[in-house]
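Q: I'd like a close look at one part of this assembly: the place where two of the chains come together. Could you walk me through how it is put together, and then place it in the wider picture?

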Amino acid sequence: MDVTRRQFFKMCAGGVGGSSAVALGFAPADALAEVRPFKLARSTETRNTCPYCSVSCGLIMHSLGDRAKNAESSIFHIEGDPDHPVNRGTLCPKGAGLVDFIHSPSRLKYPEYRAPGSREWKRISWDEAFTRVARLMKDDRDKNFVATNDAGATVNRWLTTGFLAASASSNESGYITHKTIRSTGLLAFDNQARV
Amino acid sequence: MTNHWVDIKNANVIIVMGGNAAEAHPCGFKWVTEAKAHNKATFIVVDPRFTRSASVADLYAPLRTGTDIAFLGGVINYLLSSDKIQHDYVKAYTNAPFIVAAGYGFDDGLFSGYDAAGRKYDKASWAYEMGLDGYARVDETLQHPRCVLQLLKTHYSRYTPEMVSAICGTPKETFLKVCEAIATTSVPNRTLTFMYALGWTQHSVGSQMIRTAAMVQLLLGNMGMAGGGMNALRGHSNIQGLTDLGLLSDLLPGYLTMPREQETDYQGYIDKRALKPLRPGQMSYWQNYAKFHVSLMKAWFGDAATRENNWCYDWLPKLDKVYDVLQVFELMHQGKLNGYFCQGFNPLAAFPHKAKIGAALAKLKYLVVIDPLATETSCFWENYGDLNDVNPATIQTEVIRLPSTCFAEENGSLTNSGRWLQWHYKGAEPPGEAKPDADIIAGIFLKLRELYQKEGGVFPDPILNLTWNYRIPRSPSAQELAMEYNGRAIADLPDPKDPTKVLVQKGQQLDGFAQLRDDGTTACGCWIYSGAWTEKGNMMARRDNSDPSGLGNTLGWAFAWPANRRILYNRASCDPSGKPWDPKRRLIGWDGSKWSGVDVPDFKPDVPPGDAMDPFIMLPEGVGRLFALDKMAEGPFPEHYEPFETPIDTNLLHPKVISNPAARVFKGDLEAFGKGTAFPYAATTYRLTEHFHFWTKHTGLAAIMQPEQFVEISEELAREKGIKVGDKVKVSSPRGFIKAVAVVTRRIRPLQVGGKTVHHVGIPLHWGFTGVARRGYLANILTPFVGDANTQTPEFKSFLVNIEKIS
Amino acid sequence: MALQSLDIIRRSATTTPSPGQRKTPEVAKLIDVTKCIGCKACQVACMEWNDTRDRIGTNHGVLDNPVDLTADSWTVMRFAEVVTERGLEWLIRKDGCMHCADPGCLKACPAPGAVVQYASGIVDFHEENCIGCGYCITGCPFNIPRLSPKDSKVYKCTLCSDRVVAGVEPACAKTCPTGAIVFGTKEDMLRHAEERIGELKERGFARAGLYDPKGVGGTHVMYVLHHADKPELYSGLPKDPAIGPAVELWKGAAKPLAALGLALVGAGAFFHYVTKGPNEVSGEIEKEFDDEK
Amino acid sequence: MKNDPKRILRYTPIERANHWLSALTFILLALSGLAFFHPAFYPLTQLFGGGVWARILHPFIGVVMALSFGIMFFHYRRDNGITAADREWLGHVREMVDGDDRNMPEAGKFNGGQKLLFWLLVASMVLLILSGIVIWRAYFTFLFPAWIIRLSSVVHAVAATVMIALIIFHIYAAIWTRESMDAMLYGWVRRAWAKQHHPAWFRQITGGDR
């Protein structure tokens, strides 16, 4: 078979094309497969207790940063504390999702005030808030305090303001809440134990 | 709980009734599956629904909501009639042999001394017959017709298996299978444990339901045993803590009680509570009431509390009645309240009859909300269509919403159901300007005190003299507060055995409540928590989880009250001669000079076995109460009363007395309760495992797991009403309506009750008009405004509704 | 080359063997449905650990949420209310990748390195190599992988390969409140399963058994079932799953032969040309039209 | 070239464009298809800008080809009706392959082999389109049960392989029969060529022997 000049060039062109294709990266690259990095490699661990039910499972909270001053530690993962004798590292669906509670969009961030009849919140400072609350309490207490009852017995009670205490807050805040509220003579006082 | 979470693995029979442990306490529930796997335990669930607890149960018994006393009364009758009780235990450790006074009686639904007009009892006749020696009379032969055991037999003779099946709708043979399984634990070396929660507490006869189970445990000799006891699975992580610290209308820390206005005399107040033994040789530990009360007053008012002013007795407000939440919102609804604080509490969602709650809040002058989340209560004045149909312009309440930190952003301790106080550490800064609860309370208090100092005012003394000696007044640290409630010596405390030696130096932390004095030389914020932060440091932060006995008593982990004891009444785990009922599960024993073992003995350590002192050291009788004297509002023996909204409109035991005759019902409410004609279906509200009350609808992950409000109905009811799976339905009660998706399931079945078919409608309560989950109706739009006769816990679990498909 | 990659024993669409000299123990996750209370803690822990968040859907009249596996939900609980001789039974099964010894996904996948199988038995997706064709979904006997509408990559349970390689148990195994999910070497898990099955038989579940289907060479996620004779009761767990004959044909030996066949057709044509010469217009006809010129 | 009297028009410009569109799309589909077919061919995806783009483009190109091929089908289906002569032609195919077409029955516009090829291509194309839609994961696959998807995957692969083989044969036939390329490239064939290869068609067009 006589190969005409033209055919010869065609074959060479094919060869050049093929080899350049390889140069283009056609060569079957060995797909490098590396393993996913371990997310907790350098996180800071803090022990805590789940705030939900009364099993009070032990938690390990992993936060960013190594407590360096310039790094604001944010909790990015929570799992069970394997040493805790009750939950032994397990968490229920609520506890396993605690990160979404800490970072919930519903978290309140600053004191807010709603004026009577108003349609929206107004941001206020802590000092304004404390002053306003104390003022309201004092005015109501001074006006409605009952020193003695009809039978003349000393009762020293203030019945026109009530207080519901948080059953998910710590014993320490519960203790100082009770001590403070009782000192005002308040009797309409309860917590979730009632429901 | 009398026992604790890990102890459940030691049980031979486990009953989840009046609760749904697998869904509400999953990680605690592991100890049920451990008991099944490693202790061959039988697991029984008794519930109106076939819950996720029932999915792993060996035996499931359906029953109509609100009829638990009938069921358990039937169990008592079965145990007594088939003589399946632990006789030695019952004779020695319960008040079975005590003889009841002649005046006591029960006839056709009412106990002796009923005052119909006042809807309450004159309980004088519910007492022991006292002997000349000043002690209660007993009949060791247990034959006396008026001894407690005989009265018990006659009272529950009416609760035959047929009657139980008629009232509860439980098939008779299923009920008998449950009884047989329970009866197997009447032998000394087998124990039964009850795990219950709101399914029992949230009824108008809730407290009595729990008492009936406690009586079953006494008859079977399971109280004080490893793998036994009465185990309340509490809701919130620190609801046990706040109950222990007494944050209730009529309590002081450590279950001390507030004075009534009739108790004008301090000594009378103390004597009424420092109960003298009713049988010779009993410990009756409340005799030390004064030590706890005086120490509390010294902790709160410091030097201002002196013997002369009866330790500031008059600075405590005096009760005319208990101001529970129903009473408070009734007054608020009448416009008698001006201010209200909601600290980490969402009453608009959590309390019954949401319409009344919203109307009441609208009458307030000011509302202060302290919460990490934007709750419905804080926006009760905003209009959310028919989810919260109000006009803000007409609501003149001033609302102040303060952001508080959550668990991850503060140090402190929480008390779990098993009475363990466990310390936790702050892991991150709170968002924005949120502050810890203690700082918010301090901020309010300091401002209030400052106003009284500057302007004077009515009776400022308790406020001005309240002890506040924290290093940073506006930010009291968790450590200081823990040390305060642990208690410390105000002066050198001489050792009672050898007065020359000093037991505790002035200013030092106390080791435990045994060191408390009533002469003002000790200060202690909560006597039962004494021992939490001693001179040896923060006992609540201990992390030694070793379990030498294998029974799960990790005494080196954290601190349990009282005195780090893990299983209450554990003296009753041995017979009177000190031999453990079950040698394989020995808790304590007498080692010749004192009691010791794998748990802190719940007994006077140096009193040898065979002595007259009995295990229930807090009670004047020293023994468990099958007959509850005058301590309960509606009777010394639990009696089945129908819920206030009953689907059968009668009481099969005594038609003349249908619902709880001693429960407080506000004016107008009795007539307003729903009747079976207009609202034919028995409804109950409950919790799902994916959500925590009204809290996790704010968390993305929980909202993904249960995104949208639904109600559960049986296939039969669905067919009857033409409802298919996934249809939208409207559920209404006399107080309002909700709309939800219909989950049609085989797990709820119609029950045959006294010849009638009763359908149940199950209503999970996790949705509301704030949060990231799909918006929904507050389930408590439907629930009745009536509570338990003793605790006033609202009857969320049994009421009547109607249900229709929304076309 | 990262040391861990030595543990890869098989890669998708790769005809040359992976470096496989080292022998690390095979791991397995045992799901004991008889202890499972359907609490979905594993769903939450999986989503939380892997930082995915499914959308907040709607209730379809059942407790299953989300109702199916998605690119964000790599494991879901499937609830089945079944009436058996023992009465009503609520059979709840944690659905997710079974990590087969002979994975259909890996066999079907055309993209090199998108699906890898470690020596530990874990079958993992490396999404950066995935081309989003969905063949793995076709190849999977359990219908597990899901294609993400966001990035057209496929996702499934990774048996927490990142945790396991770092020596920690998977997130779902750690969080499971009742210990229904346990993790360890396959050998230990088989022994654990035997003990559980013995215990279940004592409790009256005569046909309790292990689900470790040989059709896919055994799996590294196994079940202990009350009714091992009827796995389909558990929301459609296949009775004896295997890579279907169609997939086998599609991805099996036929492929290289077909490729060879095409090559032969091409070569055949060339050699035909070279041997038979072209098919030209014959001389006579050419001449007929020549005189026209 | 257009009005050279010695040449006969075999394919109009529209036909040619249509053919080459189908051919071009087929080449692209074959290349990207083979990339998914066997790992050895996977590097072909680089032609399309990587694996993902190859997977995205393949089905869309498939749609273009389906349309283009559809038009060809409607256009040529009458010309490809198999007649007795065609069957006889096919009977003597061995001689044809040997290069001896002397006593082959007279072929019309298309000879028996071409007609057979046409119908085989149509069959393959139909299978490819149907199975292609089923396994088009992004838009259609969710509509089908698993077994249909699996079956379609196999059908798609087999049909594609067969079609590629047929097209290789088709291309070779065009090269092997000299000057056939002119027909499809330029549209006109020499009268001699026509008389040699498609005598019946030649007579029909020219109305006589010349």
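A: Here is a walk through that interface, followed by a short look at what surrounds it.

Keep in mind that this is a predicted model. The obvious place to start is the A/B pair: five pairs of chains are in contact, and chains A and B share the most contacts of them. On the chain B side, 135 residues take part, and they meet 101 residues of chain A. Which element gives the largest share of the chain B side? That's helix α16 (residues 437-455) of chain B, with ten residues. Sorted by class, the chain B side has 75 nonpolar residues, 41 polar ones and 19 charged ones.

So much for the totals; now zoom in on α16(B). Across from α16(B) sits helix α4 (residues 171-183) of chain A, and the two axes come within 8 Å of each other. As a reminder, two packed helices are described by the angle between their axes and the distance between the axes. Here the crossing angle is roughly 20 degrees. With angles under 35 degrees counting as roughly parallel, α4(A) and α16(B) are therefore roughly parallel to each other. Their crossing is left-handed.

Which residues do the meeting in this helix pair? From α4(A) you have E172(A), S173(A), I176(A), T177(A) and T180(A). From α16(B) come D437(B), A438(B), I441(B) and F445(B). Taken together, the residues of this contact divide into four nonpolar, three polar and two charged.

Helix α4(A) has another neighbour in chain B. It lies across β15 and β16 of chain B, and runs at about 90 degrees to β15(B). Those two strands belong to an open sheet of three strands in chain B, ordered β15-β16-β23 with antiparallel pairing. The edge strands of that sheet are β15 (412-415) and β23 (559-560), each of which pairs on one side only. Strand β16 (residues 420-424) of chain B is joined to β23(B) by two bridges, with the strands running antiparallel. If you want a register marker there, W420(B) has A560(B) as its bridge partner in β23(B).

The interface also has strand pairing between the chains. Strand β7 (residues 154-165) of chain A and strand β12 (residues 339-343) of chain B run parallel, joined by four bridges. One residue pair to click on is T161(A), whose bridge partner in β12(B) is G339(B).

Now step back from the A/B interface. Chain B and chain D do not touch, and their nearest C-alpha atoms are 23 Å apart. Chain C is divided into domain 1 (3-246) and domain 2 (253-290). The C-alpha centres of those two domains of chain C lie 53 Å apart.

Chain C has an open three-stranded sheet too, with the order β1-β5-β6 and antiparallel pairing. At its edges stand β1 (8-11) and β6 (123-125) of chain C, each with a single partner strand, so one side of each is left without a neighbour in the sheet. From one strand to the next, the twist averages 30 degrees. Three bridges hold the antiparallel pairing of β1(C) with strand β5 (residues 115-118) of chain C. For the register, look at R10(C): its bridge partner in β5(C) is Q117(C).

Methods. Residues are numbered from 1 along each chain as its sequence is written. Chains are lettered from A and ligands numbered from 1 in the order in which they are written. This is a predicted model: local features need pLDDT of at least 70, side-chain atom pairs count only at pLDDT 80 or more; totals for chains, interfaces and linings use all residues. Two residues are in contact if their C-beta atoms, placed from the backbone, lie within 7 Å. Ala, Val, Leu, Ile, Met, Phe, Trp, Tyr, Cys and Pro count as nonpolar, Asp, Glu, Lys and Arg as charged, and the others, Gly among them, as polar. Two strands pair if DSSP finds at least two bridges between them. Axes are lines fitted to C-alpha atoms, for helices over the stretch in contact, and angles run from 0 to 180 degrees between N-to-C directions. Angles under 35 degrees count as roughly parallel, over 145 as roughly antiparallel, 65 to 115 as roughly perpendicular and the rest as oblique. A crossing is left-handed if the near helix is turned anticlockwise from the far one by less than a right angle, and right-handed if clockwise. Domain bounds come from an automatic or database domain assignment.
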